[in-house]
Number of protein chains: 2
Amino acid sequence: MSDSPRRPGADGPIRPSILDVAKRAGVSTGTVSNVLNRPAIVSQEKRERVLEAIEALGFSRNKLASALAHGRSKTIGLVTIDLSNSLFVDIARGAQRRALEHGLYLQLAFADDDPTLLDAHMSALNDERVAGLLVAPMADHGEGIERSRRLGCPVVELNYDGEVPSCRVLVDNEAVGYLAARHLIDLGRTHLAFVIARVDYQPVVLRRAGVLRAVAESDGAVTLTELFAEGLKPREGARIGQDLVALPAGQRPDAVLAVTDVLAMAIVNQLASSGIRIPDDIAVMGCDHNSAAWGGAVPLTSVEMRGEEIGAAGVGLLVAELTEPADTHSHTTIILEPRLRIRESTAGRSPANADQGQS
Amino acid sequence: MSDSPRRPGADGPIRPSILDVAKRAGVSTGTVSNVLNRPAIVSQEKRERVLEAIEALGFSRNKLASALAHGRSKTIGLVTIDLSNSLFVDIARGAQRRALEHGLYLQLAFADDDPTLLDAHMSALNDERVAGLLVAPMADHGEGIERSRRLGCPVVELNYDGEVPSCRVLVDNEAVGYLAARHLIDLGRTHLAFVIARVDYQPVVLRRAGVLRAVAESDGAVTLTELFAEGLKPREGARIGQDLVALPAGQRPDAVLAVTDVLAMAIVNQLASSGIRIPDDIAVMGCDHNSAAWGGAVPLTSVEMRGEEIGAAGVGLLVAELTEPADTHSHTTIILEPRLRIRESTAGRSPANADQGQS
């Protein structure tokens, strides 16, 4: 993660967390918290062990503690539109690690693809007076952000470039589309199909712009056909796959890029079950590196979205907003560049394409 | 999901949730809550719309509302040891759907594989006075369960059969091991290797017992070698894979069953990159259907753990415990049977093995 853009306040060296102190002292985190806030109720022996651990590890509560002394909890909330897309699990993991370095707990709520529930979760977390919120929606959610702010709860938006001024962490989705289409063109494919759906979703619009840019650079050597699916569910991808199978072989594209991995997987399964060879006849790829698309007939090339870094940077921005005086805070946007992840569905079967997974 | 065991209180027909009422009335869930709790502050026009929606949908707050009228929030917490294993995401999705039917919000906390953090999250959620907790640990956590109970917060344990009396939802992990080994034996494999690690983990012990049972049934026709990995990370699986590659071809097993998908994936990658054909030379499978193992060279046969049903049943038990008088409540254990999911790594490449994914 050393190549991620770093901004003051958004990132920094790893700091010992309250958990580290508790482990070293052999006590619970509650005891550490008591030593910091209500030392009189802790036995002298435990207090000394905790203070020794604080000293040895260089743990400090810094400005955040005083910023939080206004009745809000030591918890921050992360509300995501979904958890089925593994991007959001990655975001949560990165956010939690960074939060613990600041002595903050992360609580997660997810909306199961329902904007009404996203809104309800933001309200519920505000009712619990969390110190701050991270929100990862799929459509503009400025009203919820402004309502939280009025209640004294700062919000950082993740993975969505909304209307309301806010700190944000984004992936360059135009670059996602460009990288993906460029990869297929670099493999020598000249008849691209782009499978697209939900053009009201910001990531879809941006990825499409990137695809068009890569194709435009070919000066006419590469043709692009856009195939519009009716939605992002596997069944809609399967329908597109059937349409491709129904074409005479000479009229089929030699590469298919789907705007999500789930669509790409459904297409792969349709093509493979009709005897079309992937990638020999048609290379197929997705572009959002979603582990929900893991069950396909051929391991799928995709584009990584760097979720853990999104989460960590988001907490960095939230902590900065919590510790700076409101009148001097200015919002920051961090943009992360995506990375190509090549597997069998475009590059063929070879040991080099075996993803070694998490270590 | 119609074949899941059903018990009174643990399951039941789908009920309209507070979200359904809000949507039908065209108001926020906060307004619905106000109509129910503080009707005077809601405009007459909105109040009528909400009451019409409550009537039309048959929404009822039932006994739960009064059970929660003692200062605890309308939120239940789910604390999982991890989120990287997709089983826990499935559990969360199922739990949330059932919780919303009861007008309860689900907040999620995960421990990133750290029992100390699991404990800290349980305490933090208790500090927020959640109505109840679901906890999915990997080792006994009875102390945390008893502490929560003393604070008036009931706890249902998921996916772990702990020491402390409690309602529980479990998968039959002995059946997981049996199903997996039986599958390999049914394919005609006779020299099985079982890759095992962390024999202090309950699911590992139980899966092993199931494997031994399946092998014993063969009356000596099938041999079993146990290969002990040093842990559950991919690198430990890769090391086992290297050991297998180093054996003379005639001494290799013809089937490898790993106690987790992540180990199985690492083994697949090692074997495939050494030119060993999967499944022709060696069939390989995991047995915990984990989407973290999606990136391997060959799509992996595994055993499904029915996470959504675990989560839903857990909420059912929690609501039963919240609504029954404490002196008449008796704890219930629900045990779900696992299911085999066959893919290329044991059955070879064929269209029938293409998993159609989530729909």
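B:Arg277 is partly exposed, since its relative accessibility of 49% does not go over the 50% that an exposed residue needs. In this predicted model, the side chain of B:Arg277 meets that of B:Asp281 in a salt bridge, with 2.8 Å from N to O. B:Asp281 likewise counts as partly exposed, at 30% relative accessibility.

Two further salt bridges, one in chain A and one in chain B, involve strands E10 and E12 of their chains. In chain B, the side chains of B:Arg341 and B:Glu304 meet with 2.7 Å from N to O, and this pair links distant parts of the chain, because B:Arg341 belongs to strand E12 (residues 339–341) and B:Glu304 to strand E10 (residues 302–304), 37 residues apart. B:Arg341 is partly exposed, with a relative accessible area of 24%, whereas B:Glu304 is buried at 17%.

In chain A, A:Arg339 forms a salt bridge with A:Glu304, and the closest N and O atoms are 3.4 Å apart. A:Arg339 lies in strand E12 (residues 339–341) of chain A and A:Glu304 in strand E10 (residues 302–304) of chain A, so that the pair ties together parts 35 residues apart in sequence. Here A:Arg339 counts as partly exposed, at 29% relative accessibility, while A:Glu304 is buried, with a relative accessible area of 16%.

The three pairs are set out below.

| Salt bridge | N to O distance |
|---|---|
| B:Asp281 and B:Arg277 | 2.8 Å |
| B:Arg341 and B:Glu304 | 2.7 Å |
| A:Arg339 and A:Glu304 | 3.4 Å |

Over all chains the count comes to 48 salt bridges. Some of them share partners, and in this way A:Asp90, A:Arg93, A:Arg97, A:Glu308 and B:Asp112 are joined into one network.

The packing of two helices in chain B is a separate topic. Helix H10 (residues 234–246) of chain B packs against helix H11 (residues 261–273) of chain B at an angle of about 40°, and their axes are 7 Å apart. An angle under 35 degrees would count as roughly parallel, and H10(B) and H11(B) are therefore described as oblique to each other. Their crossing is right-handed. On the H10(B) side the contact is made by residues including B:Pro234, B:Ala238, B:Ile240, B:Leu244 and B:Val245, and on the H11(B) side by residues including B:Val262, B:Leu263, B:Ala266, B:Ile267 and B:Leu271. B:Glu236 and B:Gln242 of H10(B) also take part, as does B:Gln270 of H11(B). By residue class, the contact of H10(B) with H11(B) divides into 10 nonpolar, 4 polar and 1 charged.

Conventions. Residues numbered from 1 in each chain as written. Chains lettered and ligands numbered in written order. Predicted model: local features only at pLDDT ≥ 70, side-chain atom pairs only at ≥ 80, totals over all residues. Heavy atoms only, no water. Axes fitted to C-alpha atoms, helices over the stretch in contact; angles between N-to-C directions. Helix = DSSP H or I, 4+ residues; strand = E, 2+ residues; numbered from the N terminus. Parallel < 35°, antiparallel > 145°, perpendicular 65-115°, else oblique. Left-handed = near helix turned anticlockwise from the far one by under 90°. Contact = heavy atoms within 4.5 Å. Nonpolar A, V, L, I, M, F, W, Y, C, P; charged D, E, K, R; others polar. Salt bridge = Lys/Arg side-chain N within 4 Å of Asp/Glu carboxyl O. Buried < 20%, exposed > 50% of the residue type's maximum accessible area, 1.4 Å probe, protein only.
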